[in-house]
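Trainee: Please take me through one part of this model closely. I would like to look at the salt bridges and the pieces of chain they join.

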Amino acid sequence: MPEIGEIARIVHFLKKHVVGKTIAAVKTQEDDIIYGKVGTSASAFQKAMTGQKIVDARQQGKYFWLEMDSAPHPLMHFGMSGWMKFSNDDTAYYRPVKPGESEWPPRFWKFILQLKDSDCEVAFVDPRRLGRIRLVDAKAEDMRKTTPLKENGPDPVIDKDILTEEWLGKKLRSKKVPVKALLLDQANISGIGNWVGDEIMYQARLHPEQYSNTFTDAQVKKLHDAMVSVCGIAVETLADSSQFPEDWIMRHRWGKGKKDGGKLPNGDKIIFLKVGGRTSAVVPSVQKKTGPVAGDLPSEANKPDKETSEEDEKPKKAAKRKSKVKAESKEEEADGPKSTTPANTKRGRKAVDEVETGVKKEADAPATKKKKTTVNDQHAGRRRSGRLPKNCLRI
């Protein structure tokens with residue numbers, strides 16, 4: 001999932017190519033999940049954006065938005081697989097662009113902005129449809145005071161005056177959950193996802209499973225310092241991993257399962273644990289357990305952040321069946337018992353006939369197996385085994 005550094009990368013490209021431009025035309029594809037789940041529609045987005053001037057691009061954690069010359073303003077979240085592409089520039093990170101990815105319009109696009117006096121077009125893409133595009137009808141300066149931004153915690157880069165060491169200590173001690181699960185919960189702190197959370201815990205030399213309310217003041221300081229440093233570097237480098245410090249676990253965690261993978265350059269082993277519902281990279285030699293720890297706990301803090309949890313997993317069949325049975329039982333209470341035997345099967349037709357006529361039909365006799373006739377069986381006095389009865393003389 002794009003995290004605080006990746007969102008900073010997109011905001012950088014928006015400022016470079018889009019800010020100060022007027023939107024000449026908007027192409028959209030209707031999507032009742034990406035738009036509809038947050039009370040917008042593709043047609044409403046198209047109408048609101050066409051002809052508007054883009055004044056600025058801003059970010060809070062994993063959210064980013066375009067500040068228009070008048071409301072509403074488009075607020076966006078990438079979810080797990082969303083991204084923003086530009087027709088005249090490459091925004092890829094971590095890996096080179098694969099053949100075919102440079103085609104325009106790109107696959108899985110949800111909207112495309114066409115700008116006046118510019119050869120640049122901008123597309124929001126999302127193959128898994130876990131992202132969100134909404135319109136916020138508020139003053140530009142009040143965007144962070146509106147839903148959903150106001151329900152999210154402070155951003156470690158732009159809210160350093162709020163996210164102080166003292167604030168973090170109080171937050172940690174107000175809950176009893178694995179510390180990494182607390183960091184991943186966007187209601188606590190904005191922008192920290194899986195890889196950033198792992199880097200923070202490694203740089204702080206703290207174990208991600210340890211309960212949040214068990215850290216000493218010195219450990220809280222280490223965690224705060226690591227958080228500010230890691231998030232700051234992720235944003236400054238625009239999530240370009242080639243520019244990360246050599247001692248970051250991020251540069252070496254991708255060797256999992258490979259022959260010489262799962263190790264740091266100094267030989268320290270990297271293991272992988274499940275914490276807060278996510279796979280976490282841990283270096284046991286330096287990330288010691290100094291207090292009570294927990295694995296995957298069924299708590300509020302272990303749930304995915306709000307934007308990705310509302311997204312679109314199909315209900316389990318068992319749950320669906322249970323609700324259906326419950327609904328049918330309510331109907332039976334109101335209307336009396338109903339026959340649920342299918343009439344299009346042999347057993348079903350028989351049951352229906354019995355109910356309608358009041359006569360129970362005899363069960364069909366089982367079909368007898370036809371014996372195979374042999375030459376020996378043709379002799380009247382012989383048994384099937386070929387032997388004569390005792391009272392018969394052999395000729």
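Mentor: What follows is a walk through the salt bridges, with the nearby sheet as the setting.

This is a predicted model. The protein chain has nine helices and 10 strands. Of its 395 residues, 42% are buried. Among contacts between residues at least 6 apart in sequence, 65% join residues at least 24 apart.

Start with the sheet. Four strands form an open sheet, ordered β2-β3-β4-β8, with antiparallel pairing. The edges are β2 (54–60) and β8 (132–136), each paired on one side only. Neighbouring strands are turned by 20° against each other on average, direction ignored. Inside the sheet, three bridges join β3 (residues 63–68) to β4 (residues 73–77). Phe64 has Met76 as its bridge partner in β4.

Two helices lie across these strands. Helix α1 (residues 4–17) crosses β2 and β3, and runs at about 175° to β2. Helix α2 (residues 42–49) lies across β3, β4 and β8, at about 50° to β8.

Now the charged pairs. Side chains of opposite charge can pair when their charged atoms come close. The structure holds 13 salt bridges. Three of them are worth a look.

Take Asp32 and Arg129. Their closest N and O atoms are 3.5 Å apart. The two residues are 97 apart in the chain: Asp32 is in the loop between β1 (23–28) and α2, while Arg129 is in the loop between β7 (121–125) and β8. Asp32 counts as exposed because its relative accessibility is 60%, over the 50% cut-off. Arg129, at 30%, counts as partly exposed.

Next, Arg144 and Asp159. This salt bridge has an N to O distance of 2.6 Å. Both residues sit in the loop between β8 and α3 (165–173), 15 residues apart. Arg144 is partly exposed at 25% relative accessible area. Asp159 has 6%, under the 20% cut-off, so it counts as buried.

Last, Asp198 and Arg253. Here the N to O distance is 2.8 Å. Asp198 belongs to helix α5 (residues 194–203), and Arg253 to the loop between α6 (217–236) and β9 (271–275), with 55 residues separating them. Asp198 and Arg253 are both buried.

One point remains, on shared partners. Asp31, Asp32, Lys110 and Arg129 are joined into one network by salt bridges that share partners. The Asp32 to Arg129 pair thus belongs with Asp31 and Lys110 in that network.

Conventions
Residues are numbered from 1 along each chain as its sequence is written. This is a predicted model: local features need pLDDT of at least 70, side-chain atom pairs count only at pLDDT 80 or more; totals for chains, interfaces and linings use all residues. Side-chain values use heavy atoms; hydrogens and water are left out. Two strands pair if DSSP finds at least two bridges between them. Axes are lines fitted to C-alpha atoms, for helices over the stretch in contact, and angles run from 0 to 180 degrees between N-to-C directions. Contact means heavy atoms within 4.5 Å. Buried means under 20% relative accessible area, exposed over 50%, partly exposed in between (1.4 Å probe, protein chains only). A salt bridge is a side-chain nitrogen of Lys or Arg within 4 Å of a carboxyl oxygen of Asp or Glu.
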